[in-house]
Amino acid sequence: MDHHPDDGPVDLVTALALARSAEIPGPRTPAGSATRAWPGPPVPLTPPSGAGAGAGAGAGAGGGGGAGDLDVGALLRLSLAAADKAGRLRPASSAGALHPVDTTVTTGPGCSLPPGRYGYDPLRHRAHRLDRHPGATRPGLTAELSVTVRRTASQYGHRAWPLLLLDTGHAAAALVLAARALGAGEPVVRLRGLTGQPHHGLAEVYVPPPGAPAVGGSRVPSPTELLARRSAPPPLRGVPSEDALRAVLATAVREGGDLRWCAAVGPPKPGLLELAPDGRTLRRLATGEARPALAAWAAGQAWIAEAGAVLLAYGCPTDADPPHIRRTHLRAGFAVHHAHLTALRHHLAARPVGSWQQADLGAALGGAPGRDWIVHGLALGTRHADEENTT
């Protein structure tokens with residue numbers, strides 16, 4: 001088993017304080033394997049020719065269960081599978097495209113895989129059977145999300161832990177959206193404590209089989225939408241319309257738990273906008289150009305100063321305990337992933353921004369220091385780098 005000191009126990013309060021500081025990370029270190037070396041025999045997730053694909057028909061991956069079963073292959077293809085040999089291009093965002101999230105799935109009745117516990121290999125899109133007899137198992141699938149710290153720490157050093165939590169939130173959201181696209185019952189997301197060595201369990205997503213009560217109200221995504229979600233390369237210029245900003249903010253507020261949300265915009269009326277209590281209009285939180293300060297806070301990424309808009313999640317005070325830190329960062333990643341999909345539906349280019357140093361937004365707005373730190377962001381624009389290079 002690949003092991004590294006960074007994968008040991010963590011003092012999350014100290015880790016977050018260090019990540020928020022101005023201290024520069026040290027030299028890069030080896031990232032190790034891009035996926036866990038799962039024991040057990042590999043199980044292909046693509047059905048044999050002519051086999052029924054169940055609920056995932058047409059999504060490009062299957063499992064081989066009966067008609068109406070939850071298609072485990074399709075679910076994982078739409079949420080976590082790598083689309084390139086290097087393993088960088090995946091439906092879920094990750095800082096530095098390092099993808100530290102590892103996934104085990106436990107299947108019960110109503111799935112295309114026989115009941116059991118499996119480790120998922122996103123590079124080869126296959127499962128490894130870990131346990132044929134998981135005990136009493138409810139219908140459907142439970143995905144357990146853990147992280148291999150070494151992958152993210154190899155590039156970001158002491159700034160890794162907030163990014164690991166955000167990445168896990170993105171992965172959980174990707175599974176939820178894939179389940180909805182396949183017509184499964186409404187998923188349930190649960191947070192977990194930091195456990196074990198060398199891998200840290202952080203969250204689980206339970207997906208009921210098709211036929212269970214489904215979500216109401218939210219637009220169901222299509223498989224094509226989910227596979228098209230990519231982080232646009234900078235620069236991201238062009239101010240989004242008010243309708244697009246309102247939709248992105250509304251999505252973030254709906255999915256973001258107890259975090260607060262706003263969007264920084266530039267001329268002609270620079271400032272911070274937030275969703276009004278009626279949920280249908282925008283109101284001004286602050287006046288003045290904030291994007292250059294955001295660029296400095298976001299690890300000095302200068303291109304953010306010219307982004308069309310920047311969605312911001314903030315909260316998680318300095319005195320937050322580990323459960324609060326986990327909850328807010330996981331929820332921020334979860335919400336930004338949903339907001340990213342909303343941005344694409346409004347024809348915006350978007351890129352998550354996860355690394356923030358000295359980003360005390362509350363203090364900058366005249367509030368008490370240490371109460372409202374930026375936790376996550378999503379840069380938005382009406383055009384992206386490829387279009388910039390052709391004009």
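Student: Why is Asp319 called exposed?

Tutor: In this predicted model, Asp319 has a relative accessible area of 56%. The cut-off for exposed is over 50%, so Asp319 earns the word with its 56%.

Student: What makes Asp319 and Arg371 a salt bridge?

Tutor: Look at the closest N and O atoms of the two, which are 3.2 Å apart. A side-chain nitrogen of Lys or Arg has to be within 4 Å of a carboxyl oxygen of Asp or Glu, so Asp319 and Arg371 qualify at 3.2 Å.

Student: Which parts of the chain does that pair link?

Tutor: Distant ones, 52 residues apart. Asp319 is in the loop between strand S11 and helix H8, while Arg371 is in the loop between H9 and strand S13.

Student: And Arg371, why is that one called partly exposed?

Tutor: Its relative accessible area is 39%. Buried would need under 20% and exposed over 50%, so Arg371, at 39%, falls in between.

Student: How do you know that Glu204 and Arg190 form a salt bridge?

Tutor: Same kind of check: their closest N and O atoms are 3.8 Å apart. The limit is 4 Å, so this pair counts too, at 3.8 Å.

Student: Why can you say that this pair ties parts together?

Tutor: Glu204 lies in strand S7 and Arg190 in strand S6, so the bridge connects parts 14 residues apart in sequence.

Student: Are the two residues buried, partly exposed or exposed?

Tutor: Glu204 has 19% relative accessible area, and the cut-off for buried is under 20%, so Glu204 is buried. Arg190 has 38%, which lies between 20% and 50%, so Arg190 is partly exposed.

Student: What makes Arg246 and Glu242 a salt bridge?

Tutor: Their side chains meet at 3.8 Å, N to O, and that is within the 4 Å limit. Both residues lie in helix H6, 4 residues apart, which is about one turn of the helix. Glu242 counts as exposed because its relative accessibility is 52%, against a cut-off of over 50%.

Student: Which residues are in the network of salt bridges with Arg246?

Tutor: Glu242 and Asp243 are linked with Arg246 in that network. By this rule the whole structure comes to 14 salt bridges. As a general point, side chains of opposite charge can pair when their charged atoms come close.

Student: What makes you say that the charged end of Arg138 sits over the ring of Tyr206?

Tutor: It is 3.7 Å from the centre of the ring. The distance limit is 6 Å, and the charge must also be within 35 degrees of the ring normal. Arg138 over Tyr206 is listed as such a case.

Student: Why is His158 called buried?

Tutor: His158 has a relative accessible area of 18%, and buried means under 20%, so the label fits His158. This residue is in the loop between helix H3 and helix H4.

Student: What makes the approach of His158 to Glu23 a polar contact?

Tutor: The backbone oxygen of Glu23 lies 3.0 Å from a polar atom of the His158 side chain, and the limit is 3.5 Å. His158 also touches other residues, including Ala15, Leu18 and Ile24.

Student: How do you know that Ala359 is buried?

Tutor: Its relative accessibility is 2%, and the cut-off is under 20%. Ala359 is in the loop between S12 and H9, and it touches Trp297, Asp372, Trp373 and Ile374. Ala359 and Trp373 are 14 residues apart in sequence, yet 5.7 Å apart in space, C-alpha to C-alpha.

Student: Are Cys111 and Cys316 buried or exposed?

Tutor: Cys111 is at 7% and Cys316 at 3%. With the cut-off for buried at under 20%, Cys111 counts as buried, and so does Cys316. The structure holds 0 disulfides.

Student: What makes the bond between Pro234 and Pro235 stand out?

Tutor: It is a cis peptide bond, with omega about 5°. Pro235 is in the loop between helix H5 and helix H6. Another cis peptide bond joins Pro267 and Pro268, with omega about 10°.

Conventions:
Residues are numbered from 1 along each chain as its sequence is written. This is a predicted model: local features need pLDDT of at least 70, side-chain atom pairs count only at pLDDT 80 or more; totals for chains, interfaces and linings use all residues. Side-chain values use heavy atoms; hydrogens and water are left out. Helices (H or I, at least four residues) and strands (E, at least two) are DSSP runs, numbered from the N terminus. Buried means under 20% relative accessible area, exposed over 50%, partly exposed in between (1.4 Å probe, protein chains only). A polar contact is a pair of N or O atoms within 3.5 Å; within protein, one must be able to donate a hydrogen and the other to accept it, and residues adjacent in sequence count only if both atoms are side-chain atoms. Contact means heavy atoms within 4.5 Å. A disulfide is a pair of cysteine sulfur atoms within 2.5 Å. Lists of a residue's contacts leave out its neighbours within four places in sequence.
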